[in-house]
Amino acid sequence: MASDSKTAEELARERLIDLAAEFYDQFDNGEIPTMTLPTRTKSNIEYDEDSNVWVYGDRTSTRSANSVRGARKLLKAAYTIEFLARQLEEDRSSTLRELYYLSESWDAEEAHFSDQDESNQLIEDLEIVSEVTREDFHMRPEESGATLMGPLELREQTRRGEREIHCQKDVGEGGYQIPNNPDTIDFLDHDIDFVMCVETGGMRDRLIENGFDDDYNALIVHLKGQPARATRRITKRLRNELDLPVVVFTDGDPWSYRIFGSVAYGSIKSAHLSEYLATPDARFVGIQPQDIVDYDLPTDPLSDSDINALESELEDPRFMSDYWTEQIELQLDIGKKAEQQALAARGLDFVTDEYLPTRLDEMGVI
């Protein structure tokens, strides 16, 4: 997002105070306070073919105090801005969940959040209008638990100072846990040939147990399902700063293809951060519908919601390529889906001895 000679925290606080000052000036000029944002609906999301990510379109909506509902929203924004600015001044941090509960202590009852979705959305609104990320507000989600394992040495800034970590030698089998703000990490040295993002914990553990990270100089990134922002951000940094190929290894179903899509192209929910989070040249390694056929994998039948999701993906710009059209149409034809762990039907070592080496060789990654 924003860059400046100031620290990220100083810039974040300055922009928050500027927002509050704008409300004050509107009051002082006898104007009804307003805040203008991109319209956050699916119809105002555009696929930018130049950058290959989701972005907001030109339509905007205005939060105005000319109605009770609008006035409440701006009141909540003002209280939140005050809280965030004070948090930054004191060098404190809090979670999105804590913000929801903290509002209960605010003296204006109308400023209390009705649920966490409301407070989460307001933080996203403030990101958009200030052009600063929530990480720079010192707001963090609940722990995602996503990890790295592989031949990477890094330096992490912590409250106790800097520490240098090798993501194989200095960590246990669980790997290095990705911090909430991966921009506090400096990459020092590596022997990585490619980055592999893995959907499930079971497959991540299988790859580590079988020594795949050692044998192929791979950095294994555990996505832990739908990847958190920190996971997508560090993946993008690995690609851009270290010039490493990125591949994504998921289950073979439409929801997992969307996990790949969020890594590669961004998500509709975080369209304002797509260029900060997305890795457009990430590639999909599997499980492919073609693999279900070629390897006669154990499967489950597609549900109605699976079929609807696949048909929707045929119209999704992120999946409008000959490769995805062929694979999705094949899956609809066979009516089956398969998990990563289905490869174990061919033996516990099949995924690391045959499946991945064959696929990665076909893709020109190894």
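## A walk through the model

Start by selecting helix α7, residues 229-242: this helix lies across strands β8 and β11, and its direction makes an angle of about 50 degrees with β11. Keep in mind as you go that you're looking at a predicted model.

Now colour the strands underneath. They belong to an open sheet of three strands, in the order β9-β8-β11, and the pairing is antiparallel. Pick out β9 (161-166) and β11 (185-190): they stand at the edges with a single partner strand each, so each has one side left without a neighbour in the sheet. Turn the view a little and look for the twist, which averages 20 degrees from one strand to the next.

Next, zoom in on β8, residues 152-158. Six bridges link β8 to β9, and the two run antiparallel. For a particular spot on that seam, select Thr158, which stands opposite Gly161 of β9.

Then jump to Leu152. What does Leu152 touch, once its neighbours within four places in sequence are set aside? Show these side chains: Ile165, His166, Cys167, Phe187, Asp189, His190, Ile192, Leu219, Leu238 and Leu242.

Leu152 is also a good way into the largest nonpolar core, which has 65 residues. Select Met196, Phe249 and Leu356 along with Leu152, and you have the four that touch the most other members. Which helix gives the most to this core? Highlight α8, residues 254-265: that helix supplies six residues. Apart from this core there's another one, made of 29 residues; to find it, select some of its members, including Leu16, Leu74, Leu88 and Val132.

For the next stop, go to strand β13 (residues 218-222) and click on Ile220. Is Ile220 buried or exposed? Its relative accessible area is 1%, so Ile220 counts as buried, since the cut-off for that label is under 20%. Leaving out residues up to four places away in sequence, Ile220 touches Thr147, Leu148, Met149, Met196, Val198, Arg204, Leu207, Ile208, Phe212 and Asp213. Try drawing a distance from Ile220 to one of those, Ile208: the two are twelve residues apart in sequence, and their C-alpha atoms are 8.2 Å apart in space.

Finally, zoom all the way out and colour by domain. The domain assignment splits the chain into domain 1, covering 8-140, and domain 2, covering 147-363. How many Å separate the centres of the two domains? Taken over C-alpha atoms, the centres of domain 1 and domain 2 are 32 Å apart.

Notes. Residues are numbered from 1 along each chain as its sequence is written. This is a predicted model: local features need pLDDT of at least 70, side-chain atom pairs count only at pLDDT 80 or more; totals for chains, interfaces and linings use all residues. Side-chain values use heavy atoms; hydrogens and water are left out. A nonpolar core is a set of buried Ala, Val, Leu, Ile, Met, Phe, Trp, Tyr and Cys residues joined through side-chain atoms within 4.5 Å. Buried means under 20% relative accessible area, exposed over 50%, partly exposed in between (1.4 Å probe, protein chains only). Helices (H or I, at least four residues) and strands (E, at least two) are DSSP runs, numbered from the N terminus. Contact means heavy atoms within 4.5 Å. Two strands pair if DSSP finds at least two bridges between them. Axes are lines fitted to C-alpha atoms, for helices over the stretch in contact, and angles run from 0 to 180 degrees between N-to-C directions. Domain bounds come from an automatic or database domain assignment.
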